[in-house]
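Colleague: I have a new structure open and I would like to walk through it with you. Could we look at it together?

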Amino acid sequence: LFRPGSGSKLFIWTAIMQLVEEGKIDLNDNVNQYLDFEIPDEIVTNNTEDIEPITVMDLLNHNAGFEDKAVKLFVLSKKDMNPLGDYLKENLPARVYPAGEQMAYSNYATALAAYIVQRVSGMDFAEYVDKNIFEPLNMNKSTFKQPVPEEIEAESSYGYAYIRGEYRKADFEFVQPYPAGSLSSNAADMSKFMLAHLNNGFYSWNRILETETAQLMHSQSFTHNNDFAGMAHGFIEMNVNGYRVISHGGDTRMFHTGFYLIPELDLGLFVSYN
């Protein structure tokens with residue numbers, strides 16, 4: 001089991017699109033409609049003009065306009081973890097760009113989307129993903145729980161830090177806004193998730209998305225310029241050797257990961273290393 005870091009975010013976006021498909025979320029809605037606290041409609045550099053509210057789509061496109069911080073992204077132990085809602089309320093970042101205009105990668109915005117999944121579904125985010133993504137795809141070695149459950153702990157890979165002339169095994173890394181980076185998984189399980197997306201939501205006689213929803217999710221949802229790659233409903237677009245790639249990277253302090261799909265070639269690549 002490796003730690004894909006921000007590759008975890010693809011499960012948030014898939015969950016959001018599942019709830020869009022069910023009519024429980026509208027991508028164009030103000031996020032405050034789904035929260036139990038309010039994100040102010042004000043920007044630190046310009047408080048005098050009318051400011052557009054942040055939409056759910058802005059979260060997927062990483063253009064909600066939030067300042068991003070590394071503070072409290074990782075904590076030392078389980079006892080230092082706070083409930084997701086408490087973390088989001090206590091660490092609300094400043095809005096530094098108008099919503100929908102500037103791509104600025106945001107762990108906070110992504111965790112906020114996971115909290116919306118939690119509130120709309122009535123289930124803890126980890127429980128929601130277990131039931132609606134991991135189970136139908138038979139991803140039985142994948143978990144958002146920290147630390148991993150006892151029954152699969154022995155299969156965990158660990159990072160190693162070079163300290164005073166030798167490599168030393170590092171402790172398990174706890175991610176505070178956990179949906180944004182706490183996944184533990186292996187290549188076999190991640191291949192099932194890749195195949196489901198390459199097959200427009202279908203894998204092993206189960207569906208996690210309808211064909212139309214999957215195709216929408218894989219389509220471009222934001223770019224700064226038509227000549228540039230952009231975002232695809234949470235996937236990061238890349239243009240490589242004439243092919244359109246939808247992807248996501250991921251890093252913790254001890255693991256580094258890449259997740260790449262080339263729909264035109266029906267090809268997926270997942271690589272993770274410590």
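Modeller: Let me begin with a term we will need: a nonpolar core is a set of buried Ala, Val, Leu, Ile, Met, Phe, Trp, Tyr and Cys residues joined through side-chain atoms within 4.5 Å. Please keep in mind throughout that this is a predicted model.

Colleague: Okay, so in the largest nonpolar core, which residues touch the most other members?

Modeller: That core holds 70 residues, and the ones touching the most other members are Phe11 and Leu59. Among the elements that each supply at least two residues to this core are helix 1 (9-21), helix 2 (56-60), helix 4 (107-121) and strand 10 (256-262). The largest share, nine residues, comes from helix 4.

Colleague: And what is leucine 59 in contact with, leaving aside its neighbours within four places in sequence?

Modeller: With those neighbours left out, leucine 59 is in contact with Trp13, Val31, Ile54 and Ala64, and also with Ala109, Leu112, Ala113 and Ile116.

Colleague: Let's stay with helix 4 then. How many of its residues are buried?

Modeller: Helix 4 is mostly covered, since 12 of its 15 residues are buried, and these include Asn107, Tyr108, Thr110 and Gln118 as well as Leu112 and Ile116. The cover over the buried residues includes helix 1, helix 2, helix 3 and helix 5.

Colleague: What span should helix 4 have at 1.5 Å a residue?

Modeller: Its 15 residues should span 21 Å, and because the end C-alpha atoms of helix 4 are 21 Å apart, the model agrees with that expectation.

Colleague: What is going on at the two ends of helix 4?

Modeller: At the start of helix 4, serine 106 has a side-chain oxygen that comes to within 3.5 Å of the backbone nitrogen of tyrosine 108, and just after the helix there is glycine 122, which takes a positive phi of about 75°.

Colleague: New topic: in what order do the five strands of the open sheet come?

Modeller: The order is 7-8-9-10-11, with antiparallel pairing, and the edges are strand 7 (231-232) and strand 11 (267-273), each of which pairs on one side only. Strand 7 pairs with strand 8 (residues 235-240) over two bridges in the antiparallel sense, and methionine 231 has isoleucine 236 in strand 8 as its bridge partner.

Colleague: Which strands does helix 7 touch where it packs on the sheet?

Modeller: Helix 7 touches strand 8, strand 10 and strand 11, and its direction makes about 30° with that of strand 10. The buried residues of helix 7 include Met190, Phe193, Met194 and Leu198, and also Asp189 and Lys192. Helix 7 is followed by asparagine 200, with a positive phi near 55°.

Colleague: Which other residues have a positive phi without being glycine?

Modeller: Two to look at are asparagine 138, with phi near 55°, and serine 204, with phi near 50°. Asparagine 138 sits in the loop between helix 5 and helix 6, whereas serine 204 lies in the loop between strand 5 (202-203) and strand 6 (206-207).

Colleague: Are those two buried, exposed or partly exposed, and why?

Modeller: Partly exposed means between 20% and 50% relative accessible area, so asparagine 138 counts as partly exposed at 44%, and serine 204 counts as partly exposed at 45%.

Colleague: Last one: where is the cis peptide bond?

Modeller: It joins glutamine 146 and proline 147, with omega about -10°, and proline 147 is found in the loop between helix 5 and helix 6 (150-153).

Notes
Residues are numbered from 1 along each chain as its sequence is written. This is a predicted model: local features need pLDDT of at least 70, side-chain atom pairs count only at pLDDT 80 or more; totals for chains, interfaces and linings use all residues. Side-chain values use heavy atoms; hydrogens and water are left out. Buried means under 20% relative accessible area, exposed over 50%, partly exposed in between (1.4 Å probe, protein chains only). Helices (H or I, at least four residues) and strands (E, at least two) are DSSP runs, numbered from the N terminus. Contact means heavy atoms within 4.5 Å. Two strands pair if DSSP finds at least two bridges between them. Axes are lines fitted to C-alpha atoms, for helices over the stretch in contact, and angles run from 0 to 180 degrees between N-to-C directions. The expected span of a helix is 1.5 Å times one less than its number of residues. A polar contact is a pair of N or O atoms within 3.5 Å; within protein, one must be able to donate a hydrogen and the other to accept it, and residues adjacent in sequence count only if both atoms are side-chain atoms.
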